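Open the model in your viewer and keep the sequence panel visible. The tour goes from the whole chain to single residues and back to an enclosed space.

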Amino acid sequence: PAIKLDNPYAPTKELEDALALPDLDTFEYGPLEDLETLAESGLSSDVEQLVSVADEQEDIWKIAVDLGPADHDVRFHSWEAFLDPNHQEPCSAYLSEAGPAVFDAALQLQAQRDSNIPGGRVLRSDMLLSSLLHLGMGRSSILFRYDGERKTFTQAINDGRMSGYSTLAAQGLIQRFIDGGNAVKYLRDFVNKTYMSQRSLPTSIALADAVSTVVSALEKKLS
């Protein structure tokens, strides 16, 4: 503080006074308002504004569904189309870019020429997914029935497949669901037999309770 600086911006008071924090009560902008009251009033006004805006707006999800896909009218340009607006792009030679329908047609054509290649029958996606969910949880459905004599689930359509997949790949996936469904069906039957039997030991009933809880939790999670 004793050093004198030849500077027009040098402090004229002691260093402690120059570095002291201002007094909030006598600040030059005036006393501060009550923070709790300010927060409540601002929050209530914001909520009322949002509610009023939400009431005025239409259902954005319904508008999106009515408009359809966002890229339905998008045209992708190449250098040739940029230089010549009348240029026609050639069709791609790759089945992966042509879509699952072209793959299905090519697979059926190949199956007609070679009897060793199974063409399979394309199943509806929603029906197949719903049936696979029931199959994985050990329940019968439209496409899969439980055979009590063979103790396994069987397919109503043996050569069924998903669009865009070969019969071999689709049947491999379906077989994994059949194996899982058989295991869950076995666990369900064990629980039911244990509860219904009058000779069940307390330990068996406790095990059945645990198995039932696990299966129910698994079904809830998958659903």
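Throughout, buried means under 20% relative accessible area, exposed means over 50%, and partly exposed is in between, computed with a 1.4 Å probe on protein chains only. This is a predicted model, in which local features need pLDDT of at least 70 and side-chain atom pairs count only at pLDDT 80 or more, while totals for chains, interfaces and linings use all residues. Residues are numbered from 1 along each chain as its sequence is written, and side-chain values use heavy atoms, with hydrogens and water left out.

**Whole chain**

Start with a cartoon view of everything. The protein chain has nine helices and four strands, where helices (H or I, at least four residues) and strands (E, at least two) are DSSP runs numbered from the N terminus. Along the sequence the order is α-α-α-α-α-α-β-α-β-β-β-α-α. Of the 223 residues, 17% are buried. Contact means heavy atoms within 4.5 Å; among contacts in the chain with a separation of 6 or more, 44% join residues 24 or more positions apart.

**Loop between β2 and β3**

Select K151, which sits in the loop between β2 and β3. K151 is exposed, at 58% relative accessibility. What is the sign of phi at K151, which is not a glycine? Phi is positive there, at about 60°. For background, most residues other than glycine have a negative phi.

**Helix α8**

Next select residues 167-196, which form helix α8. The expected span of a helix is 1.5 Å times one less than its number of residues. For the 30 residues of α8 this gives 44 Å, and the end C-alpha atoms lie 42 Å apart, which agrees.

Now colour α8 by accessibility. Its buried residues are T167, A170, Q171, I174, I178, G181, N182, V184, V191 and T194. As a general point, an α-helix has 3.6 residues a turn, so residues three or four places apart point the same way. Which elements do the buried residues of α8 pack against? The partners are α6 (100-113), α7, β2, β3, β4 and α9.

Zoom in on V191 in α8. V191 is buried, with 6% relative accessibility. Leaving aside residues up to four places away in sequence, V191 touches A208, V211 and S212. A distance to display is the one between the C-alpha atoms of V191 and A210: 9.4 Å, with their positions 19 residues apart along the chain.

**Salt bridges**

Show Lys, Arg, Asp and Glu side chains. A salt bridge here is a side-chain nitrogen of Lys or Arg within 4 Å of a carboxyl oxygen of Asp or Glu. The structure holds six of them.

Select R121 and D159, whose side chains meet in a salt bridge at 3.1 Å, N to O. R121 is in strand β1 (residues 121-122) and D159 in the loop between β3 (152-155) and β4 (160-161), so this pair ties together parts 38 residues apart in sequence. R121 is partly exposed at 48% relative accessible area, and D159 is partly exposed at 26%.

Move to R124 and D126, a salt bridge with its closest N and O atoms 2.8 Å apart. R124 counts as exposed at 52%, whereas D126 is partly exposed at 47%.

Then select E219 and R139, where the closest N and O atoms of the salt bridge are 2.5 Å apart. E219 belongs to helix α9 (residues 202-222) and R139 to the loop between α7 (125-136) and β2 (144-147), so that distant parts of the chain, 80 residues apart, are linked. E219 is partly exposed at 21%, and R139 is partly exposed at 27%. Add R188 to the selection: R139, R188 and E219 are linked in a network of salt bridges.

**The cavity**

Finish inside the protein. On a 1 Å grid over the protein atoms alone, a cavity is a set of points where a 1.4 Å probe fits but cannot get out, and lining residues have an atom within 4 Å of a point. Grid points are joined across faces, edges and corners, and a volume is the space filled by probe spheres set on the points.

How many cavities of 30 Å³ or more does a search of the whole structure find? The search finds one. The largest cavity has a volume of about 40 Å³. Select L123, L143, F144, Q155, A156, I157 and I174 to see its lining. Ala, Val, Leu, Ile, Met, Phe, Trp, Tyr, Cys and Pro count as nonpolar, Asp, Glu, Lys and Arg as charged, and the others, Gly among them, as polar. On that scheme the lining has six nonpolar residues, one polar and no charged.

Notes:
1 Å grid on protein atoms, 1.4 Å probe; cavity = no way out; pocket = protein on both sides within 12 Å on 5 of 7 lines; lining within 4 Å.
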